[in-house]
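Visitor: I'm new to this structure, and I'd like a close look at just one part of it. Please pick a good starting point and lead me on from there.

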Amino acid sequence: MTSDDDPFHDCELDPEAILGTHTFEDVLFTDETETPVNVLTGETPAHSQATVEEAKEFAASIDTETPQIALPASVESQVETQSKPYTAAAFFHFKATGSLARHRAYHAAYEADAFAVDFEADYESGNLTITVERADES
């Protein structure tokens with residue numbers, strides 16, 4: 001197999017590292033996501049008030065072939081940019097999977113016909129579960 005045929009040729013991890021089901025805990029936007037509070041009024045600014053439904057709709061509205069999830073935005077970015085408390089990213093984004101190496105491996109598997117990749121975003125718990133199987137086994 002040439003490197004052009006191997007979807008993992010640029011990855012630090014091989015497929016074995018991501019095969020199976022992996023759950024990444026507390027990585028999604030939830031109703032419990034931290035938001036800034038105005039120290040003078042004790043209230044959360046309007047731009048930082050959002051529901052999980054809004055976050056899910058925002059993520060789904062991103063025009064891309066890769067499914068998106070809603071991740072929490074840092075309090076700092078919410079304050080600095082006056083943005084919502086969530087952001088959208090590919091379901092295998094390194095902020096969700098914990099490393100750039102995992103991000104690249106999941107991306108390679110998702111793009112390759114040799115693998116079946118599925119995910120479940122549980123916005124109640126904040127957990128993201130990704131399952132990767134070889135296509136001939138699924």
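Guide: Let's begin at E133, which sits in strand β5, residues 127-134 (strands are DSSP runs of E, at least two residues, and helices runs of H or I, at least four, numbered from the N terminus). You're looking at a predicted model: local features need pLDDT of at least 70, side-chain atom pairs pLDDT 80 or more, while totals for chains, interfaces and linings use all residues. Numbering runs from 1 along each chain as its sequence is written, and side-chain values use heavy atoms, without hydrogens and water.

E133 is partly exposed, at a relative accessible area of 35% (under 20% is buried, over 50% exposed, partly exposed in between, with a 1.4 Å probe and protein chains only). Together with D118, E120, D136 and E137, E133 forms a negative surface patch (like charges joined within 9 Å, each residue with over 30% relative accessible area and no salt bridge, that is, no Lys or Arg side-chain nitrogen within 4 Å of an Asp or Glu carboxyl oxygen).

From charges, on to rings. The structure holds 8 aromatic pairs (ring centres within 6.5 Å; planes under 30 degrees apart are stacked, over 60 edge-to-face, the rest tilted). One of them is F8 with F115, an edge-to-face pair with 5.5 Å from centre to centre and 70° between the planes. That pair links distant parts of the chain: F8 comes in the segment before β1 (20-24), F115 belongs to strand β4 (residues 115-122), and they're 107 residues apart. Both F8 and F115 are buried.

Another pair is F58 with Y86, whose ring centres are 5.5 Å apart and whose planes meet at 50°, so this one is tilted. F58 lies in helix α1 (residues 52-61) and Y86 in strand β3 (residues 86-90), so the pair ties together parts 28 residues apart in sequence. The two partners have their own surroundings: F58 is partly exposed, with a relative accessible area of 35%, whereas Y86 is buried, at 11%. For a bigger gathering of rings, look at F91, F92, Y110 and F119, which form one aromatic cluster.

Last stop: a couple of backbone oddities. D26, in the loop between β1 and α1, has a phi near 60°, which is positive even though D26 isn't a glycine. D26 also counts as exposed, at 63% relative accessibility. Over in the loop between α2 (75-81) and β3 you'll find Q82. Q82 isn't a glycine either, yet its phi is positive, about 50°. At 59% relative accessibility, Q82 counts as exposed.

Conventions: Patch = residues over 30% accessible without salt bridge, like charges linked within 9 Å, V, L, I, M, F, W, Y side chains within 5 Å. Areas by Shrake-Rupley, 256 points an atom, 1.4 Å probe, with all protein chains shown as cover. Lys, Arg positive; Asp, Glu negative; His and termini not counted. Charge placed at Lys NZ, Arg CZ, Asp CG, Glu CD. Phe/Tyr/Trp six-rings, centres within 6.5 Å; stacked < 30°, edge-to-face > 60°.
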